[in-house]
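The exercises below each set a task and then work through a solution step by step. Please look at the sequence and the structure before starting on them.

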Amino acid sequence: MQGSEVSETRSGWLRLGIFVALFALSGAIMIALSQSLPPPHRSPFNAHWLDQVRKTKPDFVLLGNSMVQTRFDEPTLRKLLHLRPVSVLGLIGTASSGWYLALKNVIVASDYHPRVLLFFREQELTEPRKWTHGSKGRHRVEQLSLAEEPLLARKLAPPPSEPIELLSWWRERLMPFERLHERSDLLVDFAGKSLSRLAYRKADERTRMRRINELFALGNLRSTDAASEPAVVPEPQVFGSVVAGSFLPDMLELAAANQIPLTFVRVRTRPAAAGVPKTRGEQRYDADLERYVRAHGAEFYDMHDTAWETLDMYAEGDHISSRLTRKYTELFVEHMGQIFH
């Protein structure tokens, strides 16, 4: 090898070494900075939902996330049920951990015994850590939690059989980057409020924020070509291998102990409305899930083949368009009225 080639090779390795060193240094600075920030304040229990149930004294509670919030209009539902009291708890951004907490700390704590209709998608009932990561996930869970939730803490820690999730769980504790993210969220929020003054010069801050929230509401988001395509859903795990670590047994036990009738409703997703059939894995999982739920005294409905729910009803993802919420509520009661008994 000639001298110039040796020099060029050494120069290349030197540049690579400098890049690696700078990358490691920047990572170390980010970790040190995030660890130096104080941990976020724990969000207090939000008694709004508990007050809502106590005030309504419902015969029926519709529980779920945005699948409930974008589908059901409470006044219309109450009217169609001949003024029977009903409470719609569409807890946006929650999954099974939030539903377990809502059942325990809202519905059971209210001292009423309504029939609970729990709406879920796909395998959400056996995914205990879904939508619990990061500051937003933690905030949603904390708003439904009491001071001590030992069962929640135990089931949110991934088992050794899930090494990838366990690694991510430890990463969040050793490298709490979400603390930096929360600070940036505050800056973005401040920027949004400041820019809103340009669009709504004569409105006060509360009116400006209300208009922004209305503008970006889930039901107003338009579906894109990509969103219209059937989503690729991974094959579900074997039901028997994941149910014990989920909140499903605890929800069933909690409902039975407090004499609360529980009905699980698997909502129809966009791919199902587009005509995508279930895979064999999904069929096995769903059959095992239904068998398990019914064996523990609850009811189960699967809306996958619901013909009256059509693809043109959808806005973004699996959300029903906000302009059709009342109509959807009417159709649901018309075609699935047997659920309210």
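**Exercise 1. Charges over rings**

Task: In this predicted model, find the ring over which the charged end of K130 sits, and the ring whose face K155 lies over.

Solution. Starting with K130, its charged end sits over the ring of W131, at 4.7 Å from the centre of that ring. Turning to K155, this residue lies over the face of F247, and here the distance to the ring centre is 5.9 Å. The cut-off needed for this step is that the lysine NZ must be within 6 Å of the ring centre.

**Exercise 2. Aromatic pairs**

Task: Decide how the rings of F60 and F340 are arranged, and then do the same for F72 and F119.

Solution. A pair of aromatic rings is described by the distance of the centres and the angle of the planes. The model holds 13 aromatic pairs by the rule used here. For F60 and F340, the ring centres are 5.2 Å apart and the planes stand at 85°, so this pair is edge-to-face, given that angles over 60 degrees count as such. The next step is to place the two residues: F60 belongs to strand β1 (residues 60–64), while F340 is in the segment after α16 (325–336), so the pair ties together parts that lie 280 residues apart in sequence. As for accessibility, F60 is buried with a relative accessible area of 1%, and F340 is buried as well, with a value of 8%.

The pair of F72 and F119 is tilted, with 5.2 Å from centre to centre and 55° between the planes. F72 is located in the loop between α3 (66–69) and α4 (74–80), whereas F119 is part of strand β3 (residues 115–120), so this pair ties together parts that are 47 residues apart in sequence. F72 counts as buried at 5% relative accessibility, and F119 is buried with a relative accessible area of 1%. As a last step, the four residues can be placed in one aromatic cluster, which is formed by F60, F72, F119, W308, Y328, F332 and F340.

**Exercise 3. Helix packing around α13**

Task: Describe how α13 packs with α15 and how α5 packs with α13, giving the angle, the handedness and the contact residues.

Solution. Two packed helices are described by the angle between their axes and the distance between the axes. Helix α13 (residues 248–257) and helix α15 (residues 280–295) pack at about 25°, and their axes are 11 Å apart. At this angle α13 is roughly parallel to α15, the cut-off being under 35 degrees. The contact is made by L248, P249 and L252 on the side of α13, and by L289, Y292 and V293 on the side of α15. The crossing of these two helices, α13 and α15, is right-handed.

For the second pair, α5 and α13 pack at an angle of about 15°, with 10 Å between their axes. This makes α5 roughly parallel to α13. Here α5 contributes S96, W99, Y100, L103, K104 and V108 to the contact, and α13 contributes D250, M251 and L254. The crossing in which α5 passes α13 is left-handed.

**Exercise 4. Positive phi angles**

Task: State the sign of phi for D111 and Q259, and decide whether these residues are buried or exposed.

Solution. Most residues other than glycine have a negative phi, and most peptide bonds are trans. D111, which is not a glycine, nevertheless has a positive phi, near 70°. Its place is in the loop between α5 (96–108) and β3, and D111 is exposed, with a relative accessible area of 61%. Q259 likewise is not a glycine and has a positive phi of about 55°. Q259 is found in the loop between α13 and β4 (262–266), where it is exposed with a relative accessible area of 65%.

**Exercise 5. The surroundings of D318**

Task: Locate D318 and list the residues that D318 touches.

Solution. D318 is in the loop between β5 (299–302) and α16. This residue, D318, is buried, with a relative accessible area of 12%, which is under the 20% cut-off. Leaving out residues up to four places away in sequence, D318 touches M67, R71, R121, T269, R270 and P271. Of these, R270 is 48 residues from D318 in sequence, yet the two C-alpha atoms are 5.2 Å apart in space.

Note on methods:
Residues are numbered from 1 along each chain as its sequence is written. This is a predicted model: local features need pLDDT of at least 70, side-chain atom pairs count only at pLDDT 80 or more; totals for chains, interfaces and linings use all residues. Side-chain values use heavy atoms; hydrogens and water are left out. Rings of Phe, Tyr and Trp (its six-membered ring) pair if their centres lie within 6.5 Å; planes under 30 degrees apart count as stacked, over 60 as edge-to-face and the rest as tilted. Helices (H or I, at least four residues) and strands (E, at least two) are DSSP runs, numbered from the N terminus. Buried means under 20% relative accessible area, exposed over 50%, partly exposed in between (1.4 Å probe, protein chains only). A charge sits over a ring if NZ of Lys or CZ of Arg is within 6 Å of the ring centre and within 35 degrees of the ring normal. Axes are lines fitted to C-alpha atoms, for helices over the stretch in contact, and angles run from 0 to 180 degrees between N-to-C directions. Angles under 35 degrees count as roughly parallel, over 145 as roughly antiparallel, 65 to 115 as roughly perpendicular and the rest as oblique. A crossing is left-handed if the near helix is turned anticlockwise from the far one by less than a right angle, and right-handed if clockwise. Contact means heavy atoms within 4.5 Å.
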